[in-house]
Amino acid sequence: SSACSEWTPSSSATDSAGNETTQTGEPISITDTSPPIIEHEPVKTAEIGVDLKIEARIMDNVDIADAILSYRLNDGKLQTIPMEGWKDFGFRISAAVPGSDIKQFGALNYFIQATDSSGNIAYFPTRTKDEPSFITAQIIDTIPPMIYHAPVMEADAGAQILIDALV
């Protein structure tokens with residue numbers, strides 16, 4: 001982390017005779033060592049082919065430099081996208097995992113990272129050692145099957161009818 005501001009202490013006193021004096025000290029660098037705070041309600045499911053919006057609230061005692069959503073599908077390659085919408089001391093932010101990335105059943109694993117202007121980093125969920133921890137959303141399919149077939153236009157009474165369909 002880096003110094004985010006400098007403060008010069010000073011004090012003054014007046015005695016009973018009205019004499020005043022002021023003492024000024026040496027400048028003191030104030031260092032921000034507090035990482036941002038991330039509040040997030042984990043997403044439990046994602047739908048195949050549908051954008052998945054991930055939202056959070058990020059707060060910091062100084063300001064937020066950036067926020068990133070990192071995700072991977074079924075233990076695949078880790079991808080990152082910027083989260084947008086933050087302001088100086090903490091507001092709602094969001095990012096959307098593209099539906100075009102969510103192509104198959106399984107799990108979408110993700111975490112959120114926020115960095116303040118002093119370089120302090122926070123993760124949700126909290127990181128253990130150097131390995132990221134993930135939230136897991138199960139990928140579900142909500143699209144009903146489509147049935148294609150040529151309707152039978154006529155048939156003989158009592159005869160079996162063969163109906164071909166593509167599902």
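**Exercise 1. Locate Asn74 in this predicted model, and establish whether Asn74 is buried, partly exposed or exposed.**

Solution. Step one concerns position: Asn74 sits in the loop that joins E8 to strand E9 (79–82). Step two concerns the backbone: the phi of Asn74 is positive, about 45°, although Asn74 is not a glycine. Most residues other than glycine have a negative phi. Step three concerns accessibility: the relative accessible area of Asn74 is 30%. Partly exposed residues fall between the cut-offs of 20% and 50%, and Asn74 is therefore partly exposed.

**Exercise 2. Describe the backbone and the accessibility of Asp75, and identify its salt-bridge partner.**

Solution. Asp75 lies in the loop between E8 and E9. The phi of Asp75 is about 60°, a positive value in a residue that is not a glycine. With a relative accessibility of 59%, Asp75 is classed as exposed, since the cut-off for exposed is over 50%. The partner of Asp75 is Arg72, and the closest N and O atoms of the pair are 3.6 Å apart. Arg72 is partly exposed, at 23%.

**Exercise 3. State how many salt bridges the model contains, and determine which strands the pair Arg57 and Glu39 connects.**

Solution. The count is 3 salt bridges. One of them joins Arg57 to Glu39, with 3.9 Å between the closest N and O atoms. Arg57 belongs to strand E7 and Glu39 to strand E5 (residues 37–39), so the bridge ties together parts that are 18 residues apart in sequence. Both ends are partly exposed: Arg57 has a relative accessible area of 34%, and Glu39 one of 40%. A further salt bridge links the side chains of Lys53 and Glu55, at 3.6 Å from N to O. Glu55 is partly exposed, at 40%.

**Exercise 4. Identify the strands that supply at least two residues each to the largest nonpolar core, and list the contacts of Tyr110 beyond its neighbours in sequence.**

Solution. The largest nonpolar core comprises 25 residues, and those with the most contacts inside it are Leu52, Ile54, Leu69, Met83, Leu108 and Tyr110. At least two residues of this core come from each of strands E7 (52–59), E8 (64–73), E10 (90–97), E11 (106–116) and E13 (135–140). With neighbours within four places in sequence set aside, Tyr110 contacts His40, Pro42, Val43, Ile54, Leu69, Ser70, Tyr71, Pro125, Ser133, Phe134 and Ile135. Pro125, one of these, is in the loop between strand E12 (121–124) and E13. The peptide bond from Phe124 to Pro125 is cis, with omega near -5°, whereas most peptide bonds are trans.

Terms used:
Residues are numbered from 1 along each chain as its sequence is written. This is a predicted model: local features need pLDDT of at least 70, side-chain atom pairs count only at pLDDT 80 or more; totals for chains, interfaces and linings use all residues. Side-chain values use heavy atoms; hydrogens and water are left out. A nonpolar core is a set of buried Ala, Val, Leu, Ile, Met, Phe, Trp, Tyr and Cys residues joined through side-chain atoms within 4.5 Å. Buried means under 20% relative accessible area, exposed over 50%, partly exposed in between (1.4 Å probe, protein chains only). Helices (H or I, at least four residues) and strands (E, at least two) are DSSP runs, numbered from the N terminus. Contact means heavy atoms within 4.5 Å. A salt bridge is a side-chain nitrogen of Lys or Arg within 4 Å of a carboxyl oxygen of Asp or Glu.
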